[in-house]
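Hi,

Here's the structure I said I'd pass along. Have a look first, and my notes on what turned up are underneath.

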Amino acid sequence: MSAPHAVQPVAYDGEAVILLDQRRLPASEEYLRCRTPEEVATGIRDMVVRGAPAIGITAAYGVALAARLAPDASGEFGAAIGEACRVIGASRPTAVNLRWAIDRMLRRLSTLGDMGIDQKRAALDAEALAIHEEDVAMNRAIGRHGSSLIPDGATVLTHCNAGALATGGYGTALGVIRGARDAGKSVRVIACETRPYLQGARLTAWELVRDGFDVTLITDNAAGALMAQGLVTCAVVGADRITANGDTANKIGTYTHAVLAARHQIPFYVAAPSSTLDPSMPNGQQIPIEQRPPEEVLFLQGHRIAAEGVRVINPSFDVTPWSLIKAIVTERGVHRPGPLGYGFKI
Ligand code: MRU
């Protein structure tokens with residue numbers, strides 16, 4: 001691996017996809033071994049691993065694992081991989097990185113022709129590892145490009161977790177913050193707790209404290225008040241899917257922060273690798289938004305906090321329109337909106 005950040009949410013040893021169980025953080029660091037494609041799909045669905053790029057990497061390793069487990073007979077080999085792709089591909093709908101990674105694995109397989117089965121297995125292992133290594137490299141490039149947007153002494157607000165835990169390592173939004181620090185700037189972070197699943201409180205705070213950052217946790221509701229007091233220099237978030245016009249799906253609550261940032265003339269940035277771009281969708285209205293179980297809202301650490309009989313709506317993501325996003329940072333550079341959208345070249 002090319003110098004990954006110390007936190008490793010996903011690994012693969014040829015017999016299992018190994019996931020840092022993010023449901024248990026920050027209380028304990030436990031790893032779960034997924035030994036079948038079905039267990040990989042369950043790990044993604046149950047959010048043992050989460051974050052768009054990390055989900056894509058996990059899916060790629062899941063396809064490589066499926067090839068290891070598939071029967072040698074060529075028809076059955078292809079059918080087993082096809083079924084694994086179907087099961088893993090259905091695990092979560094919003095992050096396009098999942099489909100992107102599966103399609104890349106299938107494209108690689110289609111180039112292998114009548115190569116021996118063991119060579120195909122090795123080629124798929126190598127492709128999954130390349131997806132992982134490239135993600136870390138893209139994160140670092142995002143960090144280098146994005147650091148130019150962060151003034152020395154800035155206080156950066158972020159939402160959810162778009163850090164090392166959500167990627168191959170290093171992070172996208174947190175990659176920009178790490179990049180600014182690596183460039184010698186002093187930077188403070190405000191992490192929004194991110195109701196209902198608390199990725200900000202449980203994961204971003206853990207990851208940044210561990211990395212020696214000055215990080216302050218706030219409730220999501222406090223963001224507007226802090227912006228109004230002039231305590232936020234800029235906001236940087238990750239993305240689960242960016243459509244052709246720059247509309248961006250990210251964790252529920254992102255849109256609220258973007259509206260508040262616009263109200264207070266605070267720059268609002270999105271950071272994501274090109275594997276999160278979905279040029280097949282013209283705008284954000286078509287993005288499938290995952291609905292999560294009501295229990296995430298009704299219960300806090302096993303304790304019911306709302307009346308029996310109440311209905312719940314629990315969308316996991318929202319869409320921030322391109323017009324609220326000052327720039328999108330990818331591994332290729334800083335893209336600003338213009339007459340041709342953000343000018344992504346896919
Ligand atoms: O439901 P999650 O935790 O998978 O949602 C994660 C996010 O919304 C992240 O901000 C996004 O995937 C970018 S991760 C680099």
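Let's start with how the two domains share the ligand: domain 1 (10-140) and domain 2 (145-342) each give at least three residues to the shell around the ligand. Do keep in mind as you read that this is a predicted model.

The shell itself comes to 18 residues, and the closest of them are Arg50, Ala52, Arg92, Asn250 and Lys251. If you sort the shell by character, you get eight nonpolar residues, six polar ones and four charged ones.

For the polar contacts, three are worth pulling up in your viewer. Asparagine 250 has a side-chain N or O atom 2.6 Å from an oxygen atom of the ligand. For glutamine 199, again through an N or O atom of the side chain, the distance to a ligand oxygen is 2.9 Å. Glycine 51 works through its backbone instead, with an N or O atom placed 2.9 Å from an oxygen atom of the ligand.

How much of the ligand does the protein bury? On its own the ligand exposes 420 Å², and the protein buries 100% of that. As for where it is, the ligand sits in the largest cavity. Two elements give two or more residues each to the shell, namely α2 (52-69) and β9 (248-251). Asn250, one of the closest residues, falls within the β9 range (248-251).

Now the backbone, in case you plan to check the geometry. As a rule, most peptide bonds are trans, and most residues other than glycine have a negative phi. Here are the exceptions I noted:

- Leucine 25 and proline 26 are joined by a cis peptide bond, with omega at about 0°. Proline 26 belongs to the loop that runs between β2 (17-20) and β3 (31-34).
- Arginine 195 and proline 196 are also linked by a cis peptide bond, omega again being about 0°. You'll find proline 196 in the loop between β5 (187-192) and α7 (199-210).
- Threonine 194 has a positive phi, near 75°, despite not being a glycine. Threonine 194 lies in the loop between β5 and α7.

So which loop should you open for both threonine 194 and proline 196? The one between β5 and α7 holds threonine 194 and also proline 196.

Shout if anything looks odd on your side.

Cheers

Methods: Residues are numbered from 1 along each chain as its sequence is written. This is a predicted model: local features need pLDDT of at least 70, side-chain atom pairs count only at pLDDT 80 or more; totals for chains, interfaces and linings use all residues. Side-chain values use heavy atoms; hydrogens and water are left out. A residue is near a molecule or strand if one of its heavy atoms lies within 4 Å of it. A polar contact is a pair of N or O atoms within 3.5 Å; within protein, one must be able to donate a hydrogen and the other to accept it, and residues adjacent in sequence count only if both atoms are side-chain atoms. Accessible areas come from the Shrake-Rupley method with a 1.4 Å probe; for residues, only the protein chains shown count as cover. On a 1 Å grid over the protein atoms alone, a cavity is a set of points where a 1.4 Å probe fits but cannot get out, and a pocket is an open set with protein on both sides within 12 Å along at least five of seven lines; lining residues have an atom within 4 Å of a point. A molecule sits in a cavity or pocket if more than half of its atoms lie within 2 Å of its grid points. Helices (H or I, at least four residues) and strands (E, at least two) are DSSP runs, numbered from the N terminus. Ala, Val, Leu, Ile, Met, Phe, Trp, Tyr, Cys and Pro count as nonpolar, Asp, Glu, Lys and Arg as charged, and the others, Gly among them, as polar. Domain bounds come from an automatic or database domain assignment.
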